[in-house]
Amino acid sequence: MCVCVCVCVCVCVCVSAHCAQGRYAHKLLNDLMENYSSALRPVDDTDKTLNVTLQVTLSQIKDMDERNQVLIAYLWIRQTWHDAYLKWNKDEYDGLEVIRIPSSLVWRPDLVLYNKADDDFSGPVDTNVVLRYNGEITWDAPAITKSSCVVDVSYFPFDSQECNLTFGSWTYNGNQVDIAMGMDSGDLSDFVENVEWECHGMPATKNVIMYGCCSDPYPDITYTVLLQRRSSFYIFNLLLPCFLISFLAPLGFYLPADSGEKVSLGVTVLLALTVFQMMVAESMPPSESVPLIGKYYVATMTMITASTSLTIFIMNIHFCGAEAKPVPYWAKVLIIDYMSKIFFVYEVGESCASPFGRADESEPFLQNHKQNHKQKLKEKLKGAPPPCCPDDDKSTAFHLTFNPCVYCSCRGNGGILGCDPKLVWNVEYIANCFREQKATCLKVAEWKKIAKVMDRFFMWIFFIMVFLMSILIIGNAP
């Protein structure tokens with residue numbers, strides 16, 4: 001029973017105390033606002049400077065618009081100053097030390113964001129201010145700011161940005177309202193991590209600027225937001241596909257020429273890189289500084305264009321046909337004899353020990369051999385046919401054996417009947433066709449092997465170029 005009575009008494013005392021403080025708070029507010037004006041600086045002497053302490057807390061990076069060069073941030077802005085007309089004796093108001101009143105009732109500093117990039121020029125939210133008995137006023141207000149930021153995308157996607165937030169009084173000079181920093185840097189204790197940007201700090205500096213229009217100083221406080229881009233997203237979605245696609249360009253040289261897809265592969269790779277280049281260009285601001293990834297794309301596209309042009313040139317060599325001139329001697333020695341062994345280019349059934357062709361099987365030798373053989377045949381047809389074909393009269397160019405000999409007619413009982421010139425000319429024509437066909441096939445095969453060796457040579461050259469280009473471009477990232 002006694003415990004219940006004590007509890008009831010305590011509750012009544014607390015309720016009475018709160019009711020008493022509520023009455024004193026109303027009385028205090030009426031007394032303070034009786035002759036108060038929020039239009040003038042709250043100082044006893046108009047020549048006295050009013051000190052305002054500014055502290056900014058960065059809560060979140062909402063967006064970084066690189067194309068429009070605008071930083072959207074969510075800030076908590078705290079301003080503290082002393083009002084000479086809002087003081088009271090706390091003993092006269094039942095020990096009341098702090099009251100919270102609407103900020104519109106008191107004078108407020110006209111601090112604005114100088115580099116604001118928003119069409120809406122409204123200031124912070126009209127939240128309540130905390131008023132202490134000694135005249136100290138603390139105003140905490142949230143604000144979503146859009147500030148202009150000079151974006152340097154030279155090392156995109158490995159870039160870092162420095163965006164400034166400059167606060168200062170719009171109408172008061174430094175002799176009337178002076179701004180002081182509450183901390184040496186912005187507060188990041190409540191910062192919400194961004195998926196694209198890392199915040200590495202927010203140092204603050206105070207500047208005093210003398211404008212040409214006025215002789216009075218104008219102080220401001222500049223907070224520099226240090227941002228580092230998270231590059232993992234761009235590496236896996238822009239750089240890695242480009243790196244893999246660029247390796248398809250050298251493989252176009254390895255593709256057989258008879259497939260008919262060598263040029264199509266180069267054009268397809270070039271179109272794919274063009275699509276990625278357009279994706280990067282849409283998100284970057286139009287400036288003279290080309291992003292690092294843009295340089296990589298341009299270098300890769302240039303290399304693929306060169307490889308496609310070389311592919312067309314090599315295919316022209318491959319399909320030169322029988323009308324082409326014979327392979328020059330220097331090309332045989334340099335490309336067929338040496339480079340083919342270095343790049344391990346062999347035909348079917350050919351090894352590294354077997355040469356591709358012989359010098360005596362070349363076209364000049366065959367032409368001379370054919371002319372000598374025709375001259376011998378004409379001389380033999382002018383005279384009488386021999387009693388029998390001696391072995392030394394048979395042309396060594398023939399690879400077929402006839403029985404009876406084509407140079408003699410059939411033997412009768414009494415001797416040799418006669419020679420048939422038409423048969424001899426037909427056999428000679430067939431033999432010449434075989435020789436010309438063999439020489440033509442040899443010449444076409446030599447040109448095809450030269451094209452194949454050049455394909456293999458440029459394939460390794462472009463593989464090395466792709467690798468070195470990737471290392472150089474990515475190595476320039478900070």
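Where does S289 lie? The predicted model places S289 in the loop between helix 4 (262–283) and helix 5 (292–318). The legends below take this loop and several other sites in turn.

**View 1. S289 meets residues from a remote stretch of the chain.** S289 belongs to the loop that joins helix 4 (262–283) and helix 5 (292–318). Its relative accessibility is 29%, and S289 therefore counts as partly exposed. With neighbours within four places in sequence left aside, S289 is in contact with D152, V153 and S154. For S289 and D152, the separation in sequence is 137 residues, while their C-alpha atoms are 7.8 Å apart in space.

**View 2. C149 and C163 form a disulfide.** A disulfide is a covalent bond between the sulfur atoms of two cysteines. One disulfide is found in a search of the whole structure. Its partners are C149 and C163, with sulfur atoms 2.0 Å apart. The bond connects distant parts of the chain: C149 is in the loop between strand 6 (136–148) and strand 7 (160–169), C163 is in strand 7, and 14 residues separate them in sequence. The torsion about the S-S bond of C149 and C163 is about -75°, so this disulfide is left-handed. C149 has a relative accessible area of 4% and is buried; C163, at 1% relative accessibility, also counts as buried.

**View 3. Two further cysteines, C199 and C433, are shown for their exposure.** C199 has a relative accessible area of 17% and is therefore buried. C433 has a relative accessible area of 30% and is therefore partly exposed.

**View 4. Strand 7 pairs with strand 4 and with strand 11.** Strand 7 is mostly covered, as seven of its 10 residues are buried. Strand 4 (residues 111–113) runs antiparallel to strand 7 and is joined to it by three bridges. Within this pairing, V112 has G168 of strand 7 as its bridge partner. Strand 11 (residues 217–229) also pairs with strand 7 in the antiparallel sense, over nine bridges. Here L165 is partnered by Y223 in strand 11.

**View 5. Strand 2 pairs with strand 1 and with strand 6.** Strand 1 (residues 50–65) and strand 2 run antiparallel and are joined by 11 bridges. In this pairing, L58 stands opposite L75 in strand 2. The hairpin of strand 1 and strand 2 has four residues between the strands, and Q69 takes a positive phi near 55° there. Strand 2 also pairs with strand 6 in the antiparallel sense, over 13 bridges. In that pairing, I77 stands opposite A141 in strand 6.

**View 6. T80 is a buried residue of strand 2.** T80 is placed in strand 2 (residues 70–82). Its relative accessibility is 18%, below the 20% limit for a buried residue, and T80 therefore counts as buried. Not counting residues up to four places away in sequence, T80 touches N51, V52 and T53, together with E136, I137 and T138.

**View 7. Helix 6 is shown with its buried residues.** Helix 6 (residues 329–342) has 14 residues, which at 1.5 Å a residue should span 20 Å; the C-alpha atoms at its ends are 19 Å apart, in agreement with that value. Its buried residues are A331, I335, I336, M339 and S340. Helix 8 is included in what covers them. After helix 6 comes F344, whose phi is positive, near 55°.

**View 8. F253 and F462 form a tilted aromatic pair.** A pair of aromatic rings is described by the distance of the centres and the angle of the planes. The model has 13 aromatic pairs. In the pair of F253 and F462, the centres are 5.4 Å apart and the planes are 35° apart. F253 lies in helix 3 (residues 248–254) and F462 in helix 8 (residues 421–475), so the pair ties together parts that are 209 residues apart in sequence. Both F253 and F462 are buried.

**View 9. F243, F247, W460 and F463 form one aromatic cluster.** The cluster comprises the rings of F243 and F247 together with those of W460 and F463.

**View 10. K90 places its charged end over the ring of Y133.** The charged end of K90 is 4.9 Å from the centre of the Y133 ring.

Technical notes:
Residues numbered from 1 in each chain as written. Predicted model: local features only at pLDDT ≥ 70, side-chain atom pairs only at ≥ 80, totals over all residues. Heavy atoms only, no water. Phe/Tyr/Trp six-rings, centres within 6.5 Å; stacked < 30°, edge-to-face > 60°. Helix = DSSP H or I, 4+ residues; strand = E, 2+ residues; numbered from the N terminus. Buried < 20%, exposed > 50% of the residue type's maximum accessible area, 1.4 Å probe, protein only. Lys NZ or Arg CZ within 6 Å of the ring centre and 35° of its normal. Contact = heavy atoms within 4.5 Å. Expected span 1.5 Å × (residues − 1). Disulfide = S-S within 2.5 Å. Pairing = 2+ DSSP bridges.
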